[in-house]
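Here is a short round of questions for someone meeting this structure for the first time. Each answer sets a value against its cut-off.

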Amino acid sequence: MEQNDLNREKVYTKFKLKNGNCKVRIAGISMEPFLHNGQYIIAATANDYNVDDVVLYYYKDEGLLIHRVIYKYNEQFFCRGDNSHRIERVNLDEILGKM
């Protein structure tokens, strides 16, 4: 198992609820006005993720992010916060769930 896989599993386990969903607290303003700093969200695993879904994913060494899918191509997802300009490319296996 690669180091990134181990880190992702640690993060997932830390926030995993008994039913398999993840509960996380928003830290930051990148999803305002939809989500607010300090707010808690539940992300549930899904069989499919689509444009406009708000997804929780492990992004590189930054940890967990929750942003909106703005474009999908095969198993690649391009995500951005509603209040942000940066676009992140995310693989399907990096997504933990969606709101």
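Q: Where is Arg-68 placed?
A: Arg-68 belongs to strand β4 of this predicted model.

Q: Why does Arg-68 count as buried?
A: Its relative accessibility is 18%. Buried means under 20%. Arg-68 therefore counts as buried.

Q: What makes the link between the side chains of Arg-68 and Asp-82 a polar contact?
A: The two side chains come to 2.8 Å. A polar contact needs N or O atoms within 3.5 Å, one able to donate a hydrogen and the other to accept it. The side chains of Arg-68 and Asp-82 make such a contact.

Q: Which ring does Arg-68 lie over, and at what distance from the ring centre?
A: Arg-68 lies over the face of Phe-34, 5.1 Å from the ring centre. The distance limit is 6 Å. Phe-34 is also among the residues that Arg-68 touches, as are Met-31 and Phe-78.

Q: How do you know that the charged end of Lys-23 sits over the ring of Tyr-40?
A: The charged end is 5.0 Å from the ring centre. The limit is within 6 Å, and within 35 degrees of the ring normal. Lys-23 is thus listed as sitting over Tyr-40.

Q: Which way do the side chains along β2 point?
A: They alternate. Tyr-40 and Ile-42 point to one face and are not buried. Ile-41 and Ala-43 point to the other face and are buried.

Q: What makes β1 and β2 a pair of strands?
A: Four bridges join β1 (residues 22-25) to β2. Pairing takes at least two bridges. The two strands run antiparallel. One bridge links Val-24 to its partner in β2, Ile-41.

Q: Where is His-67 found, and is it buried or exposed?
A: His-67 is found in strand β4, residues 63-73. At 4% relative accessibility, His-67 counts as buried, because the limit is under 20%.

Q: What does the side chain of His-67 make a polar contact with?
A: The partner is the side chain of Glu-88, at 3.0 Å. The cut-off is within 3.5 Å. Beyond its neighbours within four places in sequence, His-67 is in contact with residues including Ser-30, Val-55 and Tyr-57.

Q: How many aromatic pairs does a search of the whole structure find?
A: The search finds three.

Q: Why is the pair of Tyr-49 and Phe-77 called edge-to-face?
A: The ring centres are 6.4 Å apart, and the planes stand at 90°. Centres within 6.5 Å make a pair, and planes over 60 degrees apart count as edge-to-face. So the pair is edge-to-face.

Q: What makes this a link between distant parts of the chain?
A: Tyr-49 and Phe-77 are 28 residues apart. Tyr-49 is in the loop between β2 and β3, whereas Phe-77 is in strand β5. Both are buried: Tyr-49 has a relative accessible area of 5%, and Phe-77 has 2%.

Q: Why is the pair of Tyr-57 and Tyr-59 edge-to-face?
A: Their ring centres lie 6.3 Å apart, with the planes at 85°. That angle is over 60 degrees, so this pair is edge-to-face. Tyr-57 is buried at 0% relative accessible area. Tyr-59 counts as buried at 8%.

Note on methods
Residues are numbered from 1 along each chain as its sequence is written. This is a predicted model: local features need pLDDT of at least 70, side-chain atom pairs count only at pLDDT 80 or more; totals for chains, interfaces and linings use all residues. Side-chain values use heavy atoms; hydrogens and water are left out. Rings of Phe, Tyr and Trp (its six-membered ring) pair if their centres lie within 6.5 Å; planes under 30 degrees apart count as stacked, over 60 as edge-to-face and the rest as tilted. Buried means under 20% relative accessible area, exposed over 50%, partly exposed in between (1.4 Å probe, protein chains only). Contact means heavy atoms within 4.5 Å.
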